[in-house]
Each structure stands twice: as structure tokens, then as C-alpha cells.
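Got the viewer open? Let's take a walk through this one, a stop at a time.

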Amino acid sequence: MHVGNKYFYLAIFYCLIGVQGRLAQAIPIDVKADFYFGPDISRNQACDNARETAKSKAIAMVTGEKVSFDQQLQCYQPSKRGDERKCEVNQNSSVLVEGRITKSETISETVKTVPGAQVCTVLMVVDVAPPSVEADPSFDLQLELNRSNFRQGDSLSIRVSPTSPMFIQIFNWRSAFNKDNVVKIFPNDIDKDNYITKSITIPAKNSDAKYSLELDWDAPIGYDKDFMNESIIVVASKKPIQWLSVYDIQRFKEKLMEIPLNQRRVVQRSYLLLK
């Protein structure tokens with residue numbers, strides 16, 4: 001992706017949660033989770049992933065954080081004329097969530113075949129110890145992208161609608177890469193004001209800071225799929241916080257955990273980048 005003469009790379013992100021402070025008595029949570037998978041993943045691995053997703057959902061329900069689990073079948077028309085319509089499993093291959101689970105029990109596990117894939121569904125009871133500091137339910141935002149599927153050269157537009165004044169940082173996580181895969185795209189050298197009190201669109205249509213966010217296809221060596229899952233991350237905070245321009249995912253996760261739960265809100269939206 002490029003912004004004017006500056007290049008910013010997009011990535012997938014699956015929401016990160018930090019549980020801070022001392023933890024109280026565990027709360028039992030009934031939770032259901034699905035994991036879609038193709039022939040490259042075994043049934044056992046798929047159901048293990050479904051269980052990890054269920055645990056992440058349980059933690060999110062207790063902490064009040066938002067976690068995105070975009071696991072669904074995506075169908076698209078390949079770029080070459082005459083090619084048949086393709087369907088691929090679009091899923092969050094890993095969900096990074098921090099929290100204390102004292103006990104978990106799988107109630108049921110089923111695998112069904114759906115067009116183009118299979119899905120493992122688990123029902124679980126997960127005991128989660130809540131954090132001493134709870135999230136602020138009145139400090140929230142809505143995040144919208146102009147499209148869900150993009151091709152190289154398409155322009156991305158991001159709309160953020162806050163419930164209260166906040167400082168925002170916008171990142172992308174390119175999960176196909178192992179290093180330097182979380183990149184800040186806003187604020188940037190062209191558009192620097194990240195304090196918002198009402199709905200805004202980035203890049204702004206009527207602004208002195210004229211630039212565009214255009215997507216580039218840049219896959220790791222050996223990547224053999226015709227699509228990549230990428231995602232926009234918005235980190236909102238009540239106070240201004242300094243961020244680096246590039247992170248590895250683990251360091252990004254650690255940075256988020258340094259912000260108290262009631263001082264931040266993290267929201268992400270994923271999309272499909274087609275070759």
C-alpha cells in the first residue's frame with residue numbers, strides 16, 4: 001500500500017487482549033466456536049484451533065474487549081478472464097489473547113462438510129478469572145472499511161466513529177510475514193492529527209492532507225495462495241501514546257498490554273486481498 005510517495009504495508013490482525021493486575025475468582029462461561037479448514041489441516045488440528053478460539057471468546061466476554069473471529073468461506077472471481085469462480089476458506093489462523101483460564105471442558109465436538117471446506121464446531125465451558133480493572137463500556141468505536149475484498153491498486157477507505165473523544169492509531173498486521181508485520185498507517189507524515197471527537201474518514205476526502213491508501217500484493221517467498229487475509233487495527237486510548245512505526249506481532253501485543261484495560265479500546269476489521 002502506498003500513501004502519496006510513502007509506502008505503508010497492510011496486514012491481518014486478530015484482536016489482542018491483555019489481562020492486567022490481580023485476578024479475582026473465575027467465572028464459568030458457556031461458549032461456542034467454529035473453525036473452518038481445508039485439506040491442508042487435519043481434523044484434530046482444526047478442532048484444537050476451535051477450542052483455542054472458544055477460550056479467546058470466553059476471555060473477551062469477561063474482559064469486555066472486542067475480538068474478531070473471521071472464519072468463513074470467501075468466493076471470488078480470479079483476475080484472469082475465463083477462470084471459474086473460486087471459493088477459499090478465509091479464517092483467522094491464530095487468535096492472540098491474554099487471560100487467565102483456570103479450567104476448561106469440551107461439552108461437544110462436531111465436524112461437518114460445507115461447500116469448499118469443513119468446519120469443526122465445539123461447545124465448551126471455560127472458567128475465566130476476570131481482571132481487577134474492567135474495560136470502560138462507554139469508551140468504544142465503530143470501524144468500517146469501504147470494501148471487504150480488494151485487488152492490487154484498489155484504494156482503501158477507513159471510517160472510525162467514536163462514542164467519546166479519543167486518540168487513535170491505525171495499524172495493519174500482515175500475518176503471512178514473520179517479522180515487521182504490524183505497520184502504523186495513521187497518523188503519518190502527511191496526516192498527523194489523531195485526536196477525534198466525531199466520525200472521520202481516513203484518508204479524509206475534504207482535507208489539505210491529500211493522499212490515498214492503495215493496496216499492493218507483496219507475498220512472502222514460497223506463498224502459493226491467490227489471496228491474503230489482511231486487517232485494519234484501530235487502537236484507541238484516552239491519553240496520547242507514542243507508538244513505533246513498525247512492530248513484530250509479539251512486541252505489538254506487549255505494547256497493548258501496557259495500556260490499562262479501562263484506558264483503551266482495540267477494534268479490527270479484516271478483508272481479503274486478491275492476487
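Start by selecting Cys-47: with a relative accessibility of 0%, this residue counts as buried, the cut-off for that being under 20%. Keep in mind as you click around that you're looking at a predicted model.

**Stop one: the disulfide**

Leave Cys-47 selected. Which residue does a disulfide join to Cys-47? Add Cys-120 to your selection: the two sulfurs sit 2.1 Å apart. There's one disulfide in the structure, so once you've got this pair on screen you can move on to its details. Cys-47 belongs to helix α1 while Cys-120 belongs to strand β7, so the link ties together parts that are 73 residues apart in sequence. Buried or exposed, what is Cys-120? Buried, because its relative accessibility is 0%. Now look along the S-S bond of Cys-47 and Cys-120: the torsion there is about 115 degrees, which makes the disulfide right-handed.

**Stop two: the sheet with β7**

Next, colour three strands: β3, β7 and β6, in that order, form an open antiparallel sheet. Pick out β3 (27-37) and β6 (100-114), which stand at the edges; each has a single partner strand, so one side of each has no neighbour in the sheet. Turn the view and you'll find that neighbouring strands here are rotated by 15 degrees against each other on average, direction ignored.

Zoom in on β6 and β7 (residues 117-129). How many bridges do β6 and β7 pair over? The answer is 13, in the antiparallel sense. For one spot to click, try Lys-103, which stands opposite Asp-127 in β7.

Now bring back helix α1, residues 43-63. The helix packs on this sheet and touches β3, β6 and β7. Compare its direction with that of β3, and the angle comes to about 140 degrees.

**Stop three: another sheet**

Hide all that and select β8, β10 and β14. These three strands, in the order β8-β10-β14, make an open sheet with antiparallel pairing. Which strands are at the edges? They're β8 (141-145) and β14 (200-202), each pairing on one side only. From one strand to the next, the twist averages 20 degrees.

To finish, zoom in on β10, residues 158-162, which pairs with β14 over three bridges in the antiparallel sense. Click Arg-159 and then look across to β14: the bridge partner there is Thr-201.

Key:
Residues numbered from 1 in each chain as written. Predicted model: local features only at pLDDT ≥ 70, side-chain atom pairs only at ≥ 80, totals over all residues. Heavy atoms only, no water. Pairing = 2+ DSSP bridges. Helix = DSSP H or I, 4+ residues; strand = E, 2+ residues; numbered from the N terminus. Axes fitted to C-alpha atoms, helices over the stretch in contact; angles between N-to-C directions. Contact = heavy atoms within 4.5 Å. Disulfide = S-S within 2.5 Å. Buried < 20%, exposed > 50% of the residue type's maximum accessible area, 1.4 Å probe, protein only.
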